[in-house]
Amino acid sequence: HRDLHSFPTRRSSDLIEALDAALKALDERLGTPGFFDDYEVSSKALAEREKLAREQESAWAEVGTLEA
């Protein structure tokens, strides 16, 4: 039975892929010239990036737990 749980679930890998894509897109926005000129917009974007990074870390932790 343990062997069934020794690989990442499809849900976990899909979530990681989605988070990777979201972080990449957000990083591209953050890198555009003048993006940080608007404090409110840039603050929200940075908070969103932090949230996505935490979710990604949790997803990777879940995969690690499943592989253990």
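Trainee: Is Arg 49 buried, partly exposed or exposed?

Mentor: In this predicted model, Arg 49 counts as partly exposed, because its relative accessibility is 27% and the buried class ends at 20% while the exposed class starts over 50%.

Trainee: Which residue forms a salt bridge with Arg 49?

Mentor: The general idea is that side chains of opposite charge can pair when their charged atoms come close. Here the partner of Arg 49 is Asp 27, and their closest N and O atoms lie 2.6 Å apart. This pair links distant parts of the chain, 22 residues apart: Asp 27 sits in helix α1 (residues 10-30) and Arg 49 in helix α2 (residues 39-67). Asp 27 is also partly exposed, at 34% relative accessible area.

Trainee: How many salt bridges does the structure hold?

Mentor: There are four. One of them joins Lys 44 to Glu 40, with 3.3 Å between the closest N and O atoms. These two residues are separated by about one helical turn, because they are four residues apart in helix α2. Both are exposed.

Trainee: What separates Lys 51 from Glu 55 in helix α2?

Mentor: About one helical turn, since the two are four residues apart. Lys 51 and Glu 55 form a salt bridge, their closest N and O atoms being 3.3 Å apart. Lys 51 is partly exposed at 36% relative accessibility, and Glu 55 is partly exposed at 31%.

Trainee: What does the protein as a whole contain in helices and strands?

Mentor: It has two helices and zero strands. Of its 68 residues, 21% count as buried. The accessible surface comes to about 5100 Å², and carbon and sulfur atoms account for 57% of that.

Conventions. Residues numbered from 1 in each chain as written. Predicted model: local features only at pLDDT ≥ 70, side-chain atom pairs only at ≥ 80, totals over all residues. Heavy atoms only, no water. Buried < 20%, exposed > 50% of the residue type's maximum accessible area, 1.4 Å probe, protein only. Areas by Shrake-Rupley, 256 points an atom, 1.4 Å probe, with all protein chains shown as cover. Salt bridge = Lys/Arg side-chain N within 4 Å of Asp/Glu carboxyl O.
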